[in-house]
Amino acid sequence: MTENQLTTELAERRVRFQVDESVYDLDVIMGSAYLFLDRCYVFLDRVGDRRVQVVLRTRGAASEEELGALAGQFANELLNQALRKQIGEANGRLREYIMARALFSADGPSTIDRLLAELDAEEMASDDLDIPVPWEKPPGA
Amino acid sequence: MLTPLQVDPRAFAKDKVGYFRYGVVDGKVLMTNLVGEHLFVEPDDFRRFLAGQVERAEPLYEALRRRYFVKDDMAVDELAEKLRRKKAFLRHGPHLHAIVTTLRCNHACRYCHASRTDMDAVDTDMSLDTARKVVDFAFTTPTPLLGFEFQGGEPTANWPVIEFVVDYALEKNRYEHKELLLSLVSNLTLMTDEKMRWLVDKGVMVCTSLDGPADLHDKNRGWMEKQSSHAVVTAWMDKFNAEWVRRGFDADLFHVDALMTTTRYSLDRGPEIVDEYVRRGIRSIHLRPLNPFGFAVNTWKQIGYSMDEFLAFYKTTLDYILELNRRGVFIQERLASIFLTKMLTPDDPNYSDCRSPCGSGSAQLAYSYDGTIYTDDEGRMAAHMGNDFFKLGHVDTSSVDEVLRHPTVKALAVASIQEALPACHSCVFSSTCGVQPLHNYMFDGDIFGQRPLSRKCQEFYGVQAYLYHLLSNDTDGSVQRIFRRWTIQRSRPGTTPYAPAAEVSS
């Protein structure tokens, strides 16, 4: 689906369009479709080589304008899902390393805990938010 | 859940952009990291960051770097240690052990989840022998913090079991040295002066149900007697509170806590409900939506509502609570404080229903009156409705190891690890949210459920979106000031019985 190819077909409570898999991966298409489950029924079908047909059928009555907006929102969400996939893939190994280090390294005193405690102590010492005062006490109590 | 933001995935600097999740709040882009820290940026700045065009000399660069968003300038090990602290709850076993002493109850609340029976059904009382096995079993769980919570039915209808469990647990803990917490969830209508003094002597904390002013409370919580449930409950709350004060305890920590459940009758009465809590000296109110299971399945048409209606109620009431705080009346909203602790502090409050993975079977266990062990109290209710899926064993025959490694516990963990769930894995609130598979199961018959259709997802998303909305519009810092105070939870003194501030003979 490129800008020139967002061709929609409207019918009663239904909008239909196609997405080009060479532009958007199938998991991006499905990830976008998933987010529409609370507002419409979603049908996906492969209608040609690397072409996925999307049919959105609203739960109640909808005007042509509303149906067109639904397709537009889907198209925008495709872009955001594609970006999220890129962010995930570009950082996959880094995330695995961070998770493994956080969860599976040996137990012991955490240097960050010590640092955070020191920072907390420093901030509390000059804290104009009265954070050390228990929240249920009025300031100055 | 959709993202109303124009982005161009082609302009993505993969060597400069670290991992983050994003969404849009009030026209600004909200970015969150793996440990719940956040940053608001303008859409144009967001797009510049994605394209690798934010220069080191810009203040924005440092703001992004400090939250681990800059891939080629990231303190990776520091982030890992923060994540380790945030997920500290994974290193402990079940700390909450709910004991159903009986299913008997003298109330017939419109929304009851507890699978109650009539007061003459004594065959649903727990025996002392079973109670002893429950305590023995709980003490073998690998947790330094051990909490027993008496539930029902109305738990005080089987008072001898409460007495036995408390005394036996205290005696056993002389050798086990765990941090022991004891609490009673009761409608207080069977309370006596003698029982009250005994509970205070033993350091048992009390939590009751209070749905608001008298007419609202009594409408929701039908009692077999002709008296007002509200009058009896509030009278006992006042007596307990006075007793703790008389013995020299800090009233801010030692008072009867209460839970409220929102019905259709509550929706336009938020401020009145809050005022009722303030009058009773309660400093925390949890605005809990109704769950359409238990009795509520049958009464849903009468007392139910949409999640949009609940969220409107929540926002109005939270605004009122904030206004009270600005005027020096200190009361917090509990769900907000849970999320704010995740958002604004290095810690996670370990709230079983809102963590990843969830705490069913791993942070809490429930023991039915007959000694059957369930993942939690909702799991027990599911069994009462005819489905044993959440049964983990029995105190007569099961070991702790068998229970904690039960396939159901593993399945519930898998179904609630947000990094692996559709929609959750990329949701901007993922690192501060949680999934409760049992709710999914109750609603959809499927522990995974579908996020956009889940009432719990709509609730958690709506509440967090509103909290970030308030933070993003907090021009004078007054909201942040109040919110940060809500994240400070003073715990009551540890192992019971508690040492009072000043000894007063009881």
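**View 1. The one salt bridge between chain A and chain B.** In this predicted model, the rule turns up one salt bridge across the interface of chain A and chain B. Its partners are the side chains of A:Arg101 and B:Asp77, sitting 3.3 Å apart from N to O. Polar contacts add to the picture: 15 residue pairs count between chain A and chain B, with both residues at pLDDT 80 or more.

**View 2. What chain A brings to the side that touches chain B.** Helix H2 (64–90), helix H3 (92–104) and helix H4 (111–125) of chain A each chip in at least two residues here. H2(A) gives the largest share, twelve residues. Sorted by type, this side of chain A has 25 nonpolar, ten polar and 13 charged residues.

**View 3. The whole interface of chain A and chain B.** Here 48 residues of chain A are in contact with 57 residues of chain B. About 5000 Å² gets buried between the two chains, and carbon and sulfur atoms give 62% of that area.

**View 4. Phenylalanines in the largest nonpolar core.** This core has 102 residues, and B:Phe148, B:Phe240 and B:Phe483 are the ones that touch the most other members. Helix H11 (residues 307–326) of chain B supplies the largest share of the core, ten residues. Zoom in on B:Phe483 and, neighbours within four places in sequence aside, you find a set of leucines in contact with it: B:Leu322, B:Leu340, B:Leu344, B:Leu467, B:Leu470 and B:Leu471.

**View 5. Another core, apart from the largest one.** This core has 33 residues. Among them are A:Leu83 and A:Ala102 from chain A, along with B:Val41 and B:Phe49 from chain B.

Conventions
Residues are numbered from 1 along each chain as its sequence is written. Chains are lettered from A and ligands numbered from 1 in the order in which they are written. This is a predicted model: local features need pLDDT of at least 70, side-chain atom pairs count only at pLDDT 80 or more; totals for chains, interfaces and linings use all residues. Side-chain values use heavy atoms; hydrogens and water are left out. Contact means heavy atoms within 4.5 Å. Buried area is the accessible area (1.4 Å probe) that two parts lose on being put together, summed over both. A salt bridge is a side-chain nitrogen of Lys or Arg within 4 Å of a carboxyl oxygen of Asp or Glu. A polar contact is a pair of N or O atoms within 3.5 Å; within protein, one must be able to donate a hydrogen and the other to accept it, and residues adjacent in sequence count only if both atoms are side-chain atoms. Helices (H or I, at least four residues) and strands (E, at least two) are DSSP runs, numbered from the N terminus. Ala, Val, Leu, Ile, Met, Phe, Trp, Tyr, Cys and Pro count as nonpolar, Asp, Glu, Lys and Arg as charged, and the others, Gly among them, as polar. A nonpolar core is a set of buried Ala, Val, Leu, Ile, Met, Phe, Trp, Tyr and Cys residues joined through side-chain atoms within 4.5 Å. Buried means under 20% relative accessible area, exposed over 50%, partly exposed in between (1.4 Å probe, protein chains only).
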